[in-house]
Every structure is written in structure tokens, then in C-alpha cells.
Amino acid sequence: MRVAVIGCGYVSAFYAATFPNHPQLELAGVFDRISEHADAFSRHFGVRQYMTLADVLGDPSVDAVANLTNPHSHFEISRDALLAGKHVYSEKPLAMKLDDAEQLVTLARQRGLQLCSAPCNLLGETAQTMWRALHENKIGKVRLVYAELDDGLIHRLAYEQWVNEFGRPWPYQDEFEVGCTLEHAGYYVSWLVAFFGPIQRLTTFPAILVPDKQTRLPVHAMAPDFSCACLEFQSGVVARLTCGIVAPHDHRLQIFGDEGTLSTEDGWYYDSPVYFEPFSTLSTRMKKLPLAARLRGVHRRRLPLVRSPKTSFTYRTGGHRMDFARGIAEMADAIDQGRDSRLSGDFSLHINEAVLKLQTPVAGNATQTMQTTVGECSPMPWALREPRTPSTSTADERAASRVVDAFAS
């Protein structure tokens with residue numbers, strides 16, 4: 001599939017650098033309304049520079065566009081691309097207004113085109129490993145999830161020195177105006193919707209804790225820099241999500257079930273280890289004793305990833321290890337196979353509605369019911385395998401457990 005990139009900002013380098021990981025993708029060219037930005041991109045990656053958007057949309061050899069523009073331009077660019085008969089993969093969010101996002105999904109459906117939206121970290125090895133463990137009923141019935149997406153005091157860091165490999169800076173004005181919830185909440189909301197089905201309702205508390213970020217260039221409308229929400233899924237699972245740029249960096253995800261806990265440290269790393277800790281009636285004091293926990297088999301243990309990170313071709317930089325082009329590649333596979341992408345228009349719309357309501361409650365209502373829904377989503381084929389048969393403990397292990405029980409009592 002030949003893909004043209006529209007928008008040559010900071011994130012575009014992450015996409016272009018991971019295109020070679022996917023033989024089904026070809027980078028056809030690039031366009032940016034600021035020609036100097038497109039020129040720098042085209043020279044660095046050795047691809048064609050389109051001089052106008054009409055040139056991109058009028059090129060019959062272009063099958064799809066990757067819309068990497070400013071979030072406020074997402075709707076217009078994606079709409080024009082769909083009207084031109086191009087499949088669309090959009091950076092997040094799909095649109096800044098729910099009505100606009102719904103219009104895009106309807107338009108794509110009417111024209112028989114694929115419409116997908118970032119983030120695609122759901123397709124990474126860590127997410128797929130957790131998903132498989134849930135399919136294998138590793139922790140029993142899931143009751144609760146804690147998801148953290150805190151990134152520290154970003155405005156106090158040297159963010160003006162953050163540039164990509166062809167010199168484009170991190171767009172701090174966009175980040176502060178659009179808001180960390182719209183930009184980042186989808187990284188875990190997409191996992192939870194895939195794992196547990198559609199969100200039924202949510203309750204949220206957004207706030208602007210630092211009104212003056214002391215930026216060199218003015219930020220015209222400061223978005224919330226913190227939000228905390230509870231999400232109730234139709235399956236009955238409840239999740240607490242925090243998202244902000246004030247508290248210290250914390251990207252942990254913990255899933256609590258009747259038989260144990262699944263956890264990982266950072267969903268932005270496709271190779272972040274996944275841990276399983278079985279439920280235990282041991283006291284907290286006893287669980288802190290490594291020998292006691294191991295003898296009882298209730299210690300936290302690392303699960304093998306569904307495939308080696310060495311073959312995942314992740315783009316590595318200081319803040320993440322993600323293959324940004326993987327979402328586009330999955331869309332290409334879906335087109336080839338005649339199915340909906342795992343990041344389909346309906347799926348992306350549901351995530352879009354959730355993050356909009358998390359950051360900006362409609363009419364000030366903290367508790368809101370979701371309007372959109374989504375069908376069942378399936379793991380990647382390479383993540384599936386037959387459930388493992390639980391191993392039984394040896395006689396020595398059972399004897400050791402009795403010693404621990406006696407000591408604990």
C-alpha cells in the first residue's frame with residue numbers, strides 16, 4: 001500500500017523511521033503547508049515532496065494518507081482525503097469534536113474506505129501479552145483496573161530542545177492547548193476497550209493545576225493538565241484512569257482479578273515486561289518474605305512476551321519504544337484481507353468520544369453516558385496460542401508450603 005504523509009511535524013519522523021519495518025507499506029511522498037518542513041522531511045527520508053494537498057489527493061498511485069497534522073486540522077484533512085477516495089490513518093484524536101468524528105466514520109463507511117486512528121500501541125507485544133493472559137483467564141474474573149499516565153512537570157523541562165531527527169521541534173503550544181488527556185489517554189483507553197468491551201459511562205474530574213506554563217510563545221487556551229476518571233465498561237469492569245503533566249512520571253497499568261493481578265510498567269514501551277502475581281491469603285508481612293512467597297508460589301513473576309522484542313522493530317527514543325507505522329500496516333492488512341482494521345472507524349470513534357468526555361465534560365456533567373459503542377476486537381494472530389495447562393506442585397513444594405503455613409500462623 002502506497003501511503004502519503006500529510007504533516008511534517010515532530011511525530012512524522014517516528015512514522016517514517018518505522019515504515020521499513022513493514023514490507024506491505026511504501027512511503028509515496030510527503031506534504032506540509034510549510035514547504036520548508038516538507039523539504040527537510042523529503043531530503044532526510046529520500047521521498048517525493050508534493051507541492052499542494054491537491055497534488056497528494058489527486059495522485060492515483062496513492063492508496064492512503066497518514067494525517068499527521070495539527071489536531072485542529074485532523075477533521076478537514078481526513079474528510080478531504082476520504083472524499084478523494086483515499087484510506088486514512090489519522091493521528092489522535094480522530095477529531096476535536098464528536099460530531100466531526102462521527103461524520104468521518106459515516107463518510108468512510110459510505111465510500112467503502114478504511115478510517116483508523118492512533119494510538120496503535122494496542123498492537124504492541126506488551127499489550128498483546130496482557131490480552132493473551134486475559135484470554136487464558138490467568139487472573140480469573142477481572143474487577144478493577146488502575147491506569148496511570150503521568151509525565152511529570154513537562155513545562156519545567158527543557159522541552160524546547162526536543163527535536164526529531166530532521167530538526168522539527170516538539171509542538172509544545174499544541175500539546176498545552178489540546179491537553180494531555182486528549183493526547184495521551186487513548187494509549188490505555190484503547191487497551192481497556194479492546195480487553196473489556198465498550199465503555200458504558202464515565203465520571204471525570206479535569207483541572208488546570210498550572211495556569212501559567214511560562215512558555216516563550218503564548219498558549220492561547222490552556223487545556224487541563226490533569227484528569228482523573230472512573231470508567232465503567234458494559235462487561236462490569238471498572239477502571240480508574242489518571243492523566244497529567246504535574247505528578248512524577250508513572251505509566252503503570254494494573255489489572256485486578258479474583259485470582260491475581262496483571263501489571264506492566266509502561267504502555268509506551270512495546271517490550272515493557274508483563275507481570276503476574278497470584279492472589280494469596282498470606283499476610284502482607286509474609287508476602288514480603290521472598291522465600292515464603294516463592295514456596296507458596298504467590299510471588300510476582302514475569303510472563304514471557306508473545307514474541308521477542310528483538311523482532312518487533314520498535315523505534316527507540318528516550319520517551320518511548322513504539323512502532324508508529326504498525327497501525328498503518330494493520331490497516332493495510334485489513335484492506336488486503338477484506339476486513340475491518342482492529343483500529344477501525346467505530347473503534348477509533350469510541351476512543352475519541354471517551355477522551356473528549358474525560359477532558360471536557362459535556363455541560364459540566366461529571367458523570368456521562370457514552371453514545372457510541374464498539375464490537376468485539378480480537379488480538380493479533382501472532383499473539384494467540386493454546387491455553388497453557390497449569391502445572392501441579394511437587395511433593396517438596398507442598399511440604400514447604402505446610403512449613404510456611406505453620407510459620408505464618
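Q: Which helix gives the largest share of the lining of the largest cavity?
A: H13 does, with five residues. Keep in mind that this is a predicted model.

Q: Which helices supply at least two residues each there?
A: Helix H9, residues 186-196, and helix H13, residues 345-359.

Q: What volume does that largest cavity have?
A: About 130 Å³. Its lining has 15 residues. Closest to the centre are Ser-117, Ala-118, Pro-119, Ser-348 and Ile-351.

Q: And how does the lining of the largest cavity split by class?
A: Nine residues are nonpolar, five are polar and one is charged.

Q: How many cavities of 30 Å³ or more are there?
A: The count is two.

Q: OK, what's the volume of the second largest?
A: About 50 Å³.

Q: Which residues line the second largest cavity?
A: Going along the chain, Tyr-15 and Glu-91 come up, then the run Ala-118, Pro-119, Cys-120 and Asn-121. Tyr-187 and Tyr-270 also line the second largest cavity, as do Met-322, Asp-323 and Phe-324. Ala-118 and Pro-119 also belong to the lining of the largest cavity.

Q: What's the class split for the second largest cavity?
A: Its lining has eight nonpolar residues, one polar and two charged. Glu-91 and Asp-323 are in that lining, and both count as charged.

Q: Switching to helices. Why is H6 described as largely enclosed by the rest of the structure?
A: Because ten of its eleven residues are buried. H6 covers residues 125-135.

Q: Which residues of H6 are buried?
A: Glu-125, Thr-126, Ala-127, Gln-128 and Thr-129 are buried, and so are Met-130, Trp-131, Arg-132, Ala-133 and Leu-134. The set includes Glu-125 and Arg-132, which both count as charged.

Q: What follows H6?
A: Asn-137 does. Its phi is positive, near 60 degrees.

Q: Zooming out, how many helices and strands are there?
A: The protein has 14 helices and 17 strands.

Q: What percentage of the residues count as buried?
A: 55% of the 409 residues.

Q: And contacts: what share comes from residues 24 or more positions apart?
A: They account for 72% of the contacts with a separation of 6 or more.

Q: Last one. What area does the protein expose, and what do carbon and sulfur supply?
A: The protein exposes about 18,300 Å². Carbon and sulfur atoms supply 51% of that area.

Note on methods. Residues numbered from 1 in each chain as written. Predicted model: local features only at pLDDT ≥ 70, side-chain atom pairs only at ≥ 80, totals over all residues. Heavy atoms only, no water. 1 Å grid on protein atoms, 1.4 Å probe; cavity = no way out; pocket = protein on both sides within 12 Å on 5 of 7 lines; lining within 4 Å. Points joined across faces, edges and corners; volume = space filled by probe spheres on them. Helix = DSSP H or I, 4+ residues; strand = E, 2+ residues; numbered from the N terminus. Buried < 20%, exposed > 50% of the residue type's maximum accessible area, 1.4 Å probe, protein only. Contact = heavy atoms within 4.5 Å. Areas by Shrake-Rupley, 256 points an atom, 1.4 Å probe, with all protein chains shown as cover.
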